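Here is a short briefing to read alongside your sequence and model. Have the 3D view open as you go through the points.

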Amino acid sequence: AASDVYKRQIGNQTQDQTQVQEKNKTQKQIHKQDQQKENKTKTTETTVTIQTSQSAVVVSPNQVQATTTVMVKTKTKGNETEVQVKLKNTKNKVEISVENITANTLEEVEFNGTDLKIKKNEKEYEIKVLPAQAYGLIHSPKAQLVSMNLTVDGEETVYDVFTIQQKNFLLVFPFEVQKHYKISAQTGEIISQQGPWWEFLTSE
């Protein structure tokens, strides 16, 4: 009789262990499925790419992250050409990239099929000069781009361009010179440039 009781106890323990193992297995499967769904969602959010050359599109901050490629008509030395522009929206800004030069803006960017515009307070502001063109207007080939922001200043779209350049102070001491340029995104005019007052004591 004692042996029968012992066998029943062993049988119950084995059954309990089996149930626990099955439960753990089920929980792991559910967790794995949830992870797969989460990863799939993340992948969808970060790899969505819309390619268009003619259709109108508006890219805004805080949308699901995506990259939109458009062909923008621009004039270079009087000749009209089409340039590939990538518009990428993130959590709080839109990136406008041309030839590896990127400008950031906090405003909506609209492509109407040929041109780019900033949309702010129900108004539209033209972007005739693209980021790579604006950077090319800085006549200092050794200057490295730190950041470029596109804003609306009054009734005009303006690039705030920040650069850094290695120079020699008093012809001897190496020094980094930081500069800030304001460039019109409508005309390409360098509105202003600011650097340290002692820059005239430096040389390249």
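The notes below cover a core, a hairpin and a cavity. This is a predicted model, in which local features need pLDDT of at least 70, side-chain atom pairs count only at pLDDT 80 or more, and totals for chains, interfaces and linings use all residues. Residues are numbered from 1 along each chain as its sequence is written, and side-chain values use heavy atoms, with hydrogens and water left out.

**Nonpolar core**
- The largest nonpolar core (buried Ala, Val, Leu, Ile, Met, Phe, Trp, Tyr and Cys residues joined through side-chain atoms within 4.5 Å) has 31 residues.
- Val85, Leu87, Ile96, Leu116, Ile127 and Tyr159 have the most contacts inside this core.
- Leaving aside residues up to four places away in sequence, Ile96 touches (heavy atoms within 4.5 Å) several residues, including Val85, Leu87, Leu116 and Ile127.

**Hairpin**
- Four of the five residues of strand E5 (a DSSP run of E, at least two residues, numbered from the N terminus), residues 94-98, are buried (under 20% relative accessible area with a 1.4 Å probe, protein chains only).
- E5 and strand E6 (residues 101-105) run antiparallel and are joined by five bridges.
- Ser97 has Thr102 of E6 as its bridge partner.
- Two residues lie between E5 and E6 in this hairpin, and Glu99 in the turn has a positive phi of about 55°.

**Lining residues**
- The lining of the largest cavity (points on a 1 Å grid over the protein atoms alone where a 1.4 Å probe fits but cannot get out; lining residues have an atom within 4 Å of a point) takes its largest share, four residues, from E11.

How values were computed: Buried means under 20% relative accessible area, exposed over 50%, partly exposed in between (1.4 Å probe, protein chains only). Two strands pair if DSSP finds at least two bridges between them.
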